[in-house]
Amino acid sequence: MKIIVNNIKIPFDCDDPRDQIESYLKKRRLGRDFTVYKESLDARRAPDISFVYSVVTECDGELPPDCRAFPEKEDYIASLPVSDGTGSRPVVVGFGPGGMFCALLLAERGFRPIVLEQGDDIDTRARKVEEYFSGGSLDAYSNVQFGEGGAGSFSDGKLITRIKDSRCAFVLSELVRFGADREILTLARPHIGTDRLRGIVKGVRNRIIELGGEVRFNTRVTDILPSGNGAQVCCQGSASLCSDGVFLALGHSARKSFAMLRDRGFRLEAKDFSVGMRIEHLRRDVEQSLYGAALDSKYAYRLPSAEYNVSARWGNDGVYSFCMCPGGVVVPSADESDGFVTNGMSYYARDGVNSNSAIAFSVTKEVHGGDPFKGMEFQRSLEKKAFLLGGGKGKAPCQTLGDFADNVRNTAFSDIRPSVPVGYEYANLNELFDGRQRSLLMRGISHFAGVHSFFADKRAVLTAVESRTSSPVRITRGDTLEAVGFPGIYPVGEGAGYAGGITSAATDGLRAAESYILKTLGKNDI
């Protein structure tokens with residue numbers, strides 16, 4: 001029988017890792033032929049660094065200790081019923097990960113979905129974003145936040161998720177089908193890179209169209225009116241659509257849509273979110289801290305660009321790193337002309353001079369009295385302050401960590417330079433936050449310096465403001481994943497408050513599509 005053998009530790013600098021794995025299996029009297037199931041890196045005792053493998057091999061007889069049976073995978077798509085294509089065509093609003101995978105599954109089962117995306121196709125969108133990065137104007141409807149592929153198209157393309165859902169494996173396999181490297185199937189911390197993600201997005205779109213679906217760009221939904229067991233979707237400048245299945249994959253920054261839904265009587269709840277700043281260090285310093293003398297090995301090329309993940313909590317207060325981008329750049333991510341928002345982005349190679357991460361503090365829903373729109377306004381107020389600190393012309397407000405700690409505004413950086421492409425203004429970022437928030441950020445950074453030495457580097461560059469880590473809004477839905485009180489309308493993904501990244505949003509889109517498929521074809525179980 002096929003089994004999974006876990007926790008095989010192989011030194012990163014051994015001459016032949018495969019030979020080492022074969023020897024390990026032989027000692028356990030297992031089959032020497034194997035395939036890698038999962039691969040991770042253990043650098044906790046650097047420079048004594050190991051790759052940790054789970055592998056699939058054959059076993060005769062009883063299941064050995066510390067092993068498990070290899071799960072035979074069912075054909076996920078084929079397990080769902082097929083439409084004959086004669087019923088109502090479902091409408092998917094938004095074409096980020098949640099909307100993409102929702103529409104893909106609907107198309108694969110014969111439902112010919114219509115996708116409405118307010119932004120541009122990925123190529124046009126990328127061109128507009130590059131123009132914005134070069135100092136051009138901001139398109140409020142097609143930018144880093146909005147457009148084909150969603151916000152994840154201008155990020156590191158991380159696929160890490162904490163959710164335990166078998167659909168995650170399907171998401172990864174589909175990404176490979178549309179062009180991602182097969183390594184994402186086995187790496188414990190998979191990523192695609194923004195440069196490769198764009199081609200994958202086009203592949204998903206073309207498949208949906210091939211199966212009879214439509215993807216309409218530059219189509220802004222202005223209203224959603226309940227109609228029978230579904231809804232009428234009103235679009236600016238075009239005819240409205242009626243469907244018994246409307247999927248709201250709006251994204252975490254869809255502020256106008258949230259207001260529209262509130263006015264239409266949808267139940268919106270506040271949820272916790274975080275805000276903070278980007279911090280940049282030299283990539284070589286991050287790698288030196290995490291890998292140490294292992295970098296001098298002739299096998300150092302096997303070590304991936306170093307990643308870190310830090311967090312600290314004191315009572316209800318928490319500070320943590322978010323969306324760490326090894327060898328990446330800080331990117332402006334606004335969708336409103338009077339605000340400045342920052343995020344991180346890496347290409348597949350992750351070989352830039354700097355590495356960056358958000359350092360954010362928690363904002364619990366109770367802080368704003370459980371009002372999601374007060375949370376949203378708090379985000380917006382920080383973004384407007386950041387815009388003014390950047391000179392009011394779209395440049396990024398930046399400061400060294402040392403000057404932030406001393407609450408002073410100087411005018412120069414040392415050998416760690418801001419990577420943000422729109423240019424920057426030296427600012428005192430203390431002006432963004434109140435005293436408690438500033439103290440919390442510094443307490444967190446000081447704590448992290450005890451874990452990784454580069455956090456003590458006063459030359460580190462801070463860029464503000466990181467305010468879109470997640471949505472402050474949750475659109476309440478029931479057991480069938482339909483919005484409470486609105487049958488046939490399915491809130492999906494990050495914007496609906498049910499996901500926190502590419503993989504979890506895609507998975508949530510699949511779950512919503514499943515619910516609709518089973519309901520429409522006469523089955524009630526999800």
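Two strands count as paired if DSSP finds at least two bridges between them. I start there since my opening example is a strand pair. This is a predicted model, and what I go through today was computed from it.

The pair is β11 and β23. Strand β11, residues 246-248, is joined to β23 by 3 bridges, and the two run parallel. One residue to look at is Leu248, whose bridge partner in β23 is Pro491. Helix α2 packs on the sheet here, touching β5 (91-93), β6 (114-116) and β11. The direction of α2 makes about 165° with that of β5.

Now the sheet as a whole. It is an open sheet of 5 strands, in the order β7-β6-β5-β11-β23, and the pairing is parallel. At the edges are β7, residues 214-216, and β23, residues 489-491, each pairing on one side only. From one strand to the next, the twist averages 15°.

On to the other sheet I want to show. This one is also open, with 7 strands in the order β14-β15-β18-β13-β21-β19-β20, and its pairing is mixed. Its edge strands are β14 (311-314) and β20 (424-426). Ignoring direction, neighbouring strands in this sheet are turned by 30° against each other on average.

Two pairs from this sheet. Strand β13, residues 273-282, runs antiparallel to β21, residues 461-466, and 4 bridges join them. Within that pair, Arg278 has Thr463 of β21 as its bridge partner. Two helices pack on this sheet. Helix α7, residues 283-291, touches β13 and β18 (354-363), and its direction makes about 95° with that of β13. Helix α8, residues 372-389, touches β13, β18, β19 (396-400), β20 and β21, and its direction makes about 35° with that of β13.

The other pair is β14 with β15, residues 317-325: antiparallel, over 4 bridges. Ala312 has Val319 in β15 as its bridge partner. These two strands form a hairpin with 2 residues between them, and in that hairpin Gly315 takes a positive phi near 65°.

Next, the nonpolar cores. Which residues of the largest core touch the most other members? They are Tyr308, Leu429 and Phe455, in a core of 67 residues. Take Tyr308. Leaving aside neighbours within four places in sequence, its contacts include Ile279, Val286, Leu290, Met324, His452 and Phe455. Apart from this core lies another, of 44 residues, among them Met100, Ala249, Tyr516 and Leu518.

Salt bridges next. The structure holds 37 of them, and I picked three.

The one between Arg207 and Glu108 has its closest N and O atoms 3.0 Å apart. Arg207 lies in helix α5 (residues 194-210) and Glu108 in helix α2 (residues 97-108), so the pair ties together parts that are 99 residues apart in sequence. Both residues are buried.

Asp139 and Lys128 also meet in a salt bridge, at 2.8 Å from N to O. Asp139 is in the loop between α3 (122-133) and α4 (167-177), while Lys128 is in helix α3, 11 residues apart. Are these two buried or exposed? Neither term fits, because buried needs under 20% relative accessible area and exposed over 50%. Asp139 is at 25% and counts as partly exposed; Lys128, at 27%, is also partly exposed.

Then there is Glu383 with Arg255, where the closest N and O atoms are 3.1 Å apart. Glu383 is in helix α8 and Arg255 in helix α6 (residues 255-263), 128 residues apart. Glu383 is buried, with a relative accessible area of 2%, and Arg255 is buried at 6%. This pair is part of a network: salt bridges that share partners join Arg255, Asp335, Glu336, Glu377, Arg380, Glu383 and Arg468.

Last, the cysteines. How many disulfides does the structure hold? The count is 0. Cys67 is in no disulfide, and the nearest cysteine sulfur, in Cys59, is 7.3 Å away. Cys67 is buried, with a relative accessible area of 11%. Why is Cys242 not bonded to Cys234? Because the sulfur of Cys234, the closest cysteine sulfur, is 8.2 Å from that of Cys242, too far for a bond. Cys242 is exposed, with a relative accessible area of 55%.

That is my part.

Methods:
Residues numbered from 1 in each chain as written. Predicted model: local features only at pLDDT ≥ 70, side-chain atom pairs only at ≥ 80, totals over all residues. Heavy atoms only, no water. Core = buried A, V, L, I, M, F, W, Y, C linked by side-chain atoms within 4.5 Å. Buried < 20%, exposed > 50% of the residue type's maximum accessible area, 1.4 Å probe, protein only. Contact = heavy atoms within 4.5 Å. Axes fitted to C-alpha atoms, helices over the stretch in contact; angles between N-to-C directions. Disulfide = S-S within 2.5 Å. Salt bridge = Lys/Arg side-chain N within 4 Å of Asp/Glu carboxyl O.
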